[in-house]
Amino acid sequence: MNQYLAMDIETGGFGHDKALLSAYFLVLDDKFEPVEGLMLLLKPDDGIYHVTAEALSVNRIDLVQHDKAAIYLKDAGTVLYEFFQRMNPLGATKLIPIGHNVPFDIEFVKAKIMSAGTWSKFVSYRMLDTGVIGQALRATNLLPTSVSGSLGSLASHFDVPVKNAHTADGDVMMTVGVLKKMLELIKLGN
């Protein structure tokens, strides 16, 4: 029986030199129903945020308020490890990551929070990426070319509610909703 790990991060801009500000991890059962989630509000270990004004505007993050609630990255690794251990003891079955352009999120987590080896103990390298699935659906004419492939465009096309877009937890919930609709479409297309 598969378990999934829906995830999203919010950063201070593009590039691994920017601050990782938040991450949301949601374990799902084999029917893609939520089991348990973990929200991490994060701050750099040295306390120096590398951000762009544009990213903070998109993510609607007030850095002063964020800093008061955030934990240091070094502590986040322990919290995430304990979450994985509780959800998937000793990595008995690899959690299958789900996200929209999820390789970016995974690489950021491995660069900032958790080593690649520890991550791989709990999480599969195989993934379900709604960005990639969307492109495949467009290529097979199961999705109109007018749908851009952005998460917002896919959510709009599939009538998935958009709540708190550009927040880690909001985007995870949108992604899970989009994925469920995509899988239904694939079943109907066969």
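Visitor: Which backbone oxygen lies 3.3 Å from a polar atom of the side chain of Lys 43?

Guide: A polar contact is a pair of N or O atoms within 3.5 Å; within protein, one must be able to donate a hydrogen and the other to accept it, and residues adjacent in sequence count only if both atoms are side-chain atoms. Here the partner of the Lys 43 side chain is the backbone oxygen of Asp 67, at 3.3 Å. This is a predicted model, in which local features need pLDDT of at least 70, side-chain atom pairs count only at pLDDT 80 or more, and totals for chains, interfaces and linings use all residues. Residues are numbered from 1 along each chain as its sequence is written, and side-chain values use heavy atoms, with hydrogens and water left out.

Visitor: Does Lys 43 count as buried or exposed?

Guide: Buried means under 20% relative accessible area, exposed over 50%, and partly exposed in between (1.4 Å probe, protein chains only). Lys 43 counts as buried because its relative accessibility is 11%.

Visitor: Which residues is Lys 43 in contact with, leaving aside neighbours within four places in sequence?

Guide: Contact means heavy atoms within 4.5 Å. On that basis Lys 43 contacts Tyr 49, Asp 67, Ala 70, Ile 71, Tyr 72 and Leu 73.

Visitor: What can be said of His 66?

Guide: His 66 also counts as buried, because its relative accessibility is 8%. A polar atom of the His 66 side chain lies 3.2 Å from the backbone oxygen of Leu 21. Not counting residues up to four places away in sequence, His 66 touches Leu 21, Leu 41, Leu 42, Tyr 49 and Ile 61.
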